Amino acid sequence: MPLTFEDLLTRARALTRPGHRALLGIAGSPGAGKSTLAERLVAALNDSGDPWVAHVPMDGFHLADIELDRLGLRDRKGAPDTFDAAGYAALLRRLREEEDGDVVYAPGFERVLEQPIAGAIPVPSTARLVVTEGNYLLLDTGAWARVRAQLDEVWFCEPDEEERVRRLVARHEEFGKSHEEAVDWVLRSDQRNARLVAATRERADLVVRGVVGWPDGAGHHRTGGGLGPVGADAGG
């Protein structure tokens with residue numbers, strides 16, 4: 001049976017319990033729809049009453065271009081070694097353990113500038129569920145191996161491959177690349193990272209191939225994100 005959006009909401013709600021802040025991870029290859037799924041989950045869960053769910057993307061832990069230049073990694077931007085994986089794992093641990101009522105500030109990522117922005121995302125003490133998403137949540141090498149231990153569940157987005165690549169090219173064009181530059185970047189960099197991410201699929205608690213019954217009733221998505229309208233699979 002295909003998953004419905006309501007199934008996902010029910011599963012996310014079930015992660016929380018009194019005295020425990022739950023962390024839900026959403027993994028997947030570049031362009032798989034992680035951000036769209038996270039954004040729609042958070043919006044729907046917060047729709048009634050006071051907001052109790054926060055969204056903290058992994059992308060805020062991109063290394064800045066100036067550091068990538070210093071390391072000689074600018075042309076590999078988006079690969080696992082171009083993120084502060086240890087810092088990301090430490091933030092997740094702090095979000096899980098924070099009990100003193102303080103706001104926890106997480107970094108964001110500015111797509112137009114393609115740069116991380118410190119202190120851009122406030123997570124109040126009232127947040128009982130944090131949804132985090134990114135490519136490498138299930139990677140088991142280096143500091144990335146510390147990430148999975150901080151997450152109650154990890155879901156893996158797996159849309160149609162042709163559609164994923166199309167959306168990815170469109171995203172790069174939206175943020176300033178020509179069509180030729182976008183295609184070159186996807187084939188040279190994004191696809192290499194996608195193969196690495198795909199190998200982590202079996203470590204997920206749930207593999208989402210599609211969702212029936214999006215909030216808009218159509219199953220559509222914005223450019224660069226979203227999932228198809230049918231099909232789902234449980235994994236791991």
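This section describes a helix pair, the surroundings of one histidine and several salt bridges in a predicted model.

The packing of the two helices α1 and α2 is considered first. Helix α1 spans residues 5-13 and helix α2 spans residues 34-45. Their axes come within 11 Å of each other and cross at roughly 75°. Since angles of 65 to 115 degrees count as roughly perpendicular, α1 is therefore roughly perpendicular to α2. On the side of α1, the contact is made by F5, L8, L9, A12 and R13; on the side of α2, the residues involved are L37, R40, L41, A44 and L45. By chemical character, the residues of this contact comprise eight nonpolar and two charged residues, with no polar ones.

The surroundings of H55 were examined next. This residue lies in strand β2, which covers residues 53-55. A polar contact joins the side chain of H55 to the side chain of E133, at 3.0 Å. When neighbours within four places in sequence are set aside, H55 is in contact with A38, E39, V42, I121, V131 and E133. E133 thus appears both in the polar contact and in the list of contacts of H55.

Charged side chains form a further group of interactions. In total, the structure holds 14 salt bridges. One of these links R76 to D81, with the closest N and O atoms 2.8 Å apart. R76 is partly exposed, its relative accessible area being 25%, and D81 is also classed as partly exposed, at 38% relative accessibility.

A salt bridge is likewise formed by the side chains of D152 and R96, with an N to O distance of 3.0 Å. D152 is located in the loop between α5 (145-148) and β6 (153-157), whereas R96 belongs to helix α4 (residues 85-97), so the pair ties together parts of the chain that are 56 residues apart in sequence. The relative accessible area of D152 is 25%, which means that this residue is partly exposed.

In the salt bridge between R201 and E202, the closest N and O atoms are 2.7 Å apart. The two partners differ in their exposure: R201 is buried, with a relative accessible area of 15%, while E202 is exposed, with a value of 55%. Salt bridges can also share partners, and in this way D65, D69, R74 and K77 are joined into one network.

Definitions and conventions. Residues numbered from 1 in each chain as written. Predicted model: local features only at pLDDT ≥ 70, side-chain atom pairs only at ≥ 80, totals over all residues. Heavy atoms only, no water. Axes fitted to C-alpha atoms, helices over the stretch in contact; angles between N-to-C directions. Helix = DSSP H or I, 4+ residues; strand = E, 2+ residues; numbered from the N terminus. Parallel < 35°, antiparallel > 145°, perpendicular 65-115°, else oblique. Contact = heavy atoms within 4.5 Å. Nonpolar A, V, L, I, M, F, W, Y, C, P; charged D, E, K, R; others polar. Polar contact = N/O pair within 3.5 Å; in protein donor to acceptor, adjacent residues only side chain to side chain. Salt bridge = Lys/Arg side-chain N within 4 Å of Asp/Glu carboxyl O. Buried < 20%, exposed > 50% of the residue type's maximum accessible area, 1.4 Å probe, protein only.
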